[in-house]
Amino acid sequence: MKKLIVSTLGCIMVLVACSTATPNFDQDKAFAHITAQCAFGPRNPGSDGIELCRDYLISALKVLGATVTEQPFVASVQQDSVAGTNIIASFYPQMSRRILLGAHYDTRPWADKDPDASLHNTPIPGANDGASGVAVLLEIARVVSRTQPQQFGLDIVFFDLEDSGSYGDNISWCLGSQYFADNMPINEPEKAIIVDMIGDKNQNIHMDYFSYHNHPILVKELWETAHELGFNSFKSTIKQAIFDDHYPLIQKGINAAVIIDFDYPLWHTMADEPSACSPASLEAIGETLLHIIYATQ
Ligand SMILES: [Zn+2]
C-alpha cells in the first residue's frame, strides 16, 4: 500500500511537471524569418521591402489566430513627414494579465557606419538590426498560439520607424514606439520586453542602464531566467544607456526593459546580413522569453 501511494504521488508529480512545462522554441523556424525578411530587400521607410514585410507579418500573425491591428502614424524624419505603421497582434485577449513583446521591423535607410564611405547613403540589409528581433517574436507567436500560457495573455508589437534617427538626437529615433506610448491602443502590460539586435553569432548581451535603473526586478528576472537556462551570453554588467523602443514605454511608467546586443561590429553597415546571425543566438532569447510568458505565478 505504501509503495502504491509513493508511485501514485510520482505520477501526480510527473503530471504537474508536464502541465507546467514551457513549450519549445524552434531556432530554425525563427532563423527562417530572418532569411525571409532579408529576401524582401531593405525595409527602410518608403521601400518596397517594408511594404512586403508588413504584409508578411500581418498574414503570418493572422494565420496564427491573433487579433491584428495596424496603428498608422506620421512622424518627422530630418524635416520630412514620413508615414509609419505599428503592427499589434494580441493573443488570448480575455486574459487580463498581459505581457508585451516588441521589436522594430523597419531598417536603417543609410549604411552610415560602413567602412566604405561610398555606401553611406545605401539602405542596410538589416539581418540583425531589425529582422532578428522580429524573427524571435514570430516564432514565439507560433508557440503561444498553440499552447495557452497559464497566467498571461500576449501582445506582440512590431514598431515602425525605429531606425531613421540622427546620432546624438535621441528623440529622432524610435518614432513608432513614441507614437505607440502616446496613443496606447492596448491595456497596460504587466511587463514589456523589447528585443533588438539579438541574432549576432557572437552574442554578448549587457544590461541597459535605463532598463536596470527604472525596472531592476524585471531585468533581474530576465537575466536570472537566462542564466538558469544556461545562456551565458547574458552578462550581468551595465555597459551603455540605450535609447530604444523600451524608452518611450518607461517614460509612460510602464514596466519595460530592452534586451539588446549592442556589441555588434556590423551595426549600420552593408555586412549586416543573415550570415552574421545564428539560430543558437535566437534560441537564447526565445527560450528565455518563453519561460517568462509561461511562468506559473
Ligand atoms: Zn539600428
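Which residue in E2 does Pro72 stand opposite? Pro72 faces Thr85, and the close-ups below start from the sheet that holds E2. Please keep in mind that this is a predicted model.

**View 1. The open sheet has six strands.**
Reading across the sheet, the order is E1-E2-E4-E3-E5-E8, with mixed pairing. E1 and strand E8 (256-260) are the edge strands, and each of them pairs on one side only. From one strand to the next, the twist averages 20°.

**View 2. E1 and E2 pair in the antiparallel sense.**
Here we look at a pairing that extends over 11 bridges. Use Pro72 and Thr85 of E2 as a landmark, since they stand opposite each other.

**View 3. Helices H3 and H4 lie across strands of the sheet.**
Helix H3 (residues 48-63) lies across E1, E2 and E4, and runs at about 15° to E2. Helix H4 (residues 127-146) lies across E2, E3, E4 and strand E5 (191-196). The direction of H4 is at about 145° to E3.

**View 4. Ile58 belongs to helix H3.**
Is Ile58 buried or partly exposed? Ile58 has 18 other C-beta atoms within 10 Å, so it counts as partly exposed; a buried residue would need 20 or more. Setting aside neighbours within four places in sequence, Ile58 is in contact with Val68 and Ile87. Take a look at Thr69 too: its C-alpha atom is separated from that of Ile58 by 8.6 Å, with the two residues 11 apart along the chain.

**View 5. Helix H5 (residues 175-182) is mostly covered.**
Of the eight residues in H5, seven are buried. They are Leu175, Gly176, Ser177, Gln178, Tyr179, Phe180 and Ala181. What covers these buried residues includes four strands and a helix: E1 (67-77), E2 (80-91), E3 (98-104), E4 (153-159) and helix H8 (246-251).

**View 6. Helices H2 and H9 cross.**
The axes of H2 (residues 27-39) and H9 (residues 279-293) come within 9 Å and cross at roughly 110°, so the two helices are roughly perpendicular to each other. Their crossing is right-handed. On the H2 side, the residues that meet H9 are Gln27, Asp28, Ala30 and Phe31. Their partners in H9 are Pro279, Ala280, Leu282, Glu283 and Gly286. Sorted by class, this contact has five nonpolar, two polar and two charged residues.

Terms used. Residues are numbered from 1 along each chain as its sequence is written. This is a predicted model: local features need pLDDT of at least 70, side-chain atom pairs count only at pLDDT 80 or more; totals for chains, interfaces and linings use all residues. A residue is buried if 20 or more other C-beta atoms lie within 10 Å of its own, exposed if 12 or fewer, and partly exposed in between; C-beta atoms are placed from the backbone. Two residues are in contact if their C-beta atoms, placed from the backbone, lie within 7 Å. Axes are lines fitted to C-alpha atoms, for helices over the stretch in contact, and angles run from 0 to 180 degrees between N-to-C directions. Angles under 35 degrees count as roughly parallel, over 145 as roughly antiparallel, 65 to 115 as roughly perpendicular and the rest as oblique. A crossing is left-handed if the near helix is turned anticlockwise from the far one by less than a right angle, and right-handed if clockwise. Ala, Val, Leu, Ile, Met, Phe, Trp, Tyr, Cys and Pro count as nonpolar, Asp, Glu, Lys and Arg as charged, and the others, Gly among them, as polar. Two strands pair if DSSP finds at least two bridges between them.
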